[in-house]
Amino acid sequence: MITIIDYGMGNLGSVQNMLKRIGTLSVVTSDINEIEKAEKILLPGVGAFDAAVKKIDELNLRTVLKYKALEQKVPFLGICLGMQLLTRRSEEGVLKGLNFVDAQTVKFNFGNDASLKIPHMGWNFVKENKQSELTKGFTPDYRFYFVHSYKVVCDKSESSILRTNYGGEFDSAIQNGNIFGAQFHPEKSHKYGIHLLTNFSKI
Amino acid sequence: MLLKRYIPCLLLKNSGLVKTVKFKNPKYIGDPINTVRIFNEKGVDELIFLDIEASPQKQEPNYKLLAEIADECFMPLAYGGGIRNIEQAKRIFQIGIEKVAINSSAHSNLKLISEITAIYGSQAVIGVIDVKKNLFGKQEVVSNSATVKHKYSPEEWAQELVKAGVGEILITSVDKEGTWEGVDVALTKRITDIVNVPVIAHGGVGNVEHLRQAIKDGGASAVAMGSMVVYQKKDFGVLVNFPDKEILEKI
């Protein structure tokens with residue numbers, strides 16, 4: 001059973017649908033008591049960093065998420081903005097991130113190169129930086145659907161499990177023990193996304 | 001390296017899938033859900049659904065059908081047609097569709113775009129520009145399924161849409177749509193030259209060479225295709241299909 005955190009940022013329908021497709025039960029909730037019982041947590045999210053942090057704090061979810069991720073160490077996956085929230089801060093806002101992974105979120109900056117558009121939107125390849133249960137069985141032709149204007153930079157290379165090239169390499173999937181983040185959208189990356197979420201459901 | 005996107009653009013009318021020629025004579029193609037399943041198997045990059053009746057008939061988006069489509073769709077999905085206010089856009093995002101395509105409403109209420117992007121981000125809004133030649137051969141911006149004409153040029157309108165906050169632009173040549181003759185490369189280029197957001201070229205794609213022209217000569221970041229992915233070939237029967245990944249990667 002995967003508990004999907006609903007804090008009002010972005011659509012949860014497609015994540016739920018894909019989990020249903022791979023035969024994994026999921027529940028969508030913002031209820032602290034229910035999150036406390038979670039076996040596995042998925043933190044989705046689309047939108048602005050500060051708006052998301054504000055919602056999480058308004059719902060008093062910071063403490064319970066921290067308890068589950070850092071003390072109980074349940075498998076925890078942040079997707080897109082959900083991954084950026086795992087970092088300590090973002091250049092997109094001023095509020096504090098969850099700080100579950102030693103990393104920060106910074107804006108793409110291509111200087112005067114007009115050929116690189118922001119947001120980084122579309123299908124792009126991922127390259128293994130470090131072996132992980134989340135990406136087990138991935139091959140070099142694996143690609144995922146990205147939509148983001150900010151990127152995550154890990155303090156240490158060992159926290160980065162996948163890297164992607166867009167005007168230079170950035171960390172497209174990260175890990176700190178039981179805590180994972182994916183910058184792309186597995187729920188919108190058909191067979192590649194099914195593979196990643198199947199891996200997560202087995203951790 | 002970011003891949004170019006090749007996107008089936010599917011037209012909805014009365015819950016069925018149709019295909020038009022120059023925005024006219026909609027012919028029934030089939031059931032949208034079955035079609036999505038086929039595109040899932042083929043692993044297409046993205047899908048765009050446009051309801052061709054919603055705006056001219058002032059209908060609400062068909063939420064029930066869109067929810068069924070989103071359920072089946074494991075690729076990014078955009079929807080356009082009849083979106084007039086933020087509440088309608090919210091319902092569409094809640095269904096699990098990640099982008100809304102705004103055309104007709106933007107002409108009367110450009111603010112709608114910034115209202116949506118303030119909550120969902122610029123990547124969630126495609127600004128749609130339909131362009132049609134008038135009797136003197138001048139290309140005009142049209143809307144409401146090409147039933148309403150506007151004064152500004154495609155370039156002026158593209159710049160307005162970008163200023164309003166759209167994350168990408170879908171430029172459609174009404175005169176080329178459904179013709180299999182290739183996209184209007186010059187029109188595409190006029191837009192890609194002046195905006196810094198990705199541009200999706202649409203209307204007229206009949207083969208892989210046309211895709212290449214839209215990308216290489218038109219400067220498009222993506223190409224939308226209709227007839228080519230729902231018919232076996234020109235003047236033949238319905239066959240949902242999609243070019244092989246290997247062929248597309250060579251473009």
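I began with the pair of helices in chain B that caught my eye, and I noted that helix 2 of chain B and helix 3 of chain B cross in a right-handed sense. I keep in mind throughout that this is a predicted model.

I then looked up the geometry of that crossing, and found that the axes of helix 2 of chain B and helix 3 of chain B come within 9 Å and cross at roughly 30 degrees. Because angles under 35 degrees count as roughly parallel, I entered helix 2 of chain B as roughly parallel to helix 3 of chain B.

Next I listed who makes the contact: helix 2 of chain B brings Tyr63(B), Leu66(B), Ala67(B) and Ala70(B), while helix 3 of chain B brings Arg91(B), Ile92(B) and Ile95(B). Sorted by class, the residues of this contact are six nonpolar, no polar and one charged.

I turned to the contact between the chains, which takes 25 residues from chain B and 24 residues from chain A. On the side of chain B that touches chain A, helix 2 (63-72), helix 3 (86-95) and helix 5 (111-120) of chain B each supply at least two residues, and helix 3 of chain B gives the most, with three residues. I also recorded that this side of chain B divides into 13 nonpolar, eight polar and four charged residues.

Last, I looked at chain B as a whole, which has ten helices and twelve strands. Its radius of gyration is 16 Å, close to the 18 Å that the globule rule gives for 251 residues, so I noted chain B as being as compact as a globular protein of that length. Of the 251 residues of chain B, 53% count as buried.

Conventions: Residues numbered from 1 in each chain as written. Chains lettered and ligands numbered in written order. Predicted model: local features only at pLDDT ≥ 70, side-chain atom pairs only at ≥ 80, totals over all residues. Contact = placed C-beta atoms within 7 Å. Helix = DSSP H or I, 4+ residues; strand = E, 2+ residues; numbered from the N terminus. Nonpolar A, V, L, I, M, F, W, Y, C, P; charged D, E, K, R; others polar. Rg over C-alpha atoms; globule rule 2.2 N^0.38 Å. Buried ≥ 20, exposed ≤ 12 C-beta atoms within 10 Å, placed from the backbone. Axes fitted to C-alpha atoms, helices over the stretch in contact; angles between N-to-C directions. Parallel < 35°, antiparallel > 145°, perpendicular 65-115°, else oblique. Left-handed = near helix turned anticlockwise from the far one by under 90°.
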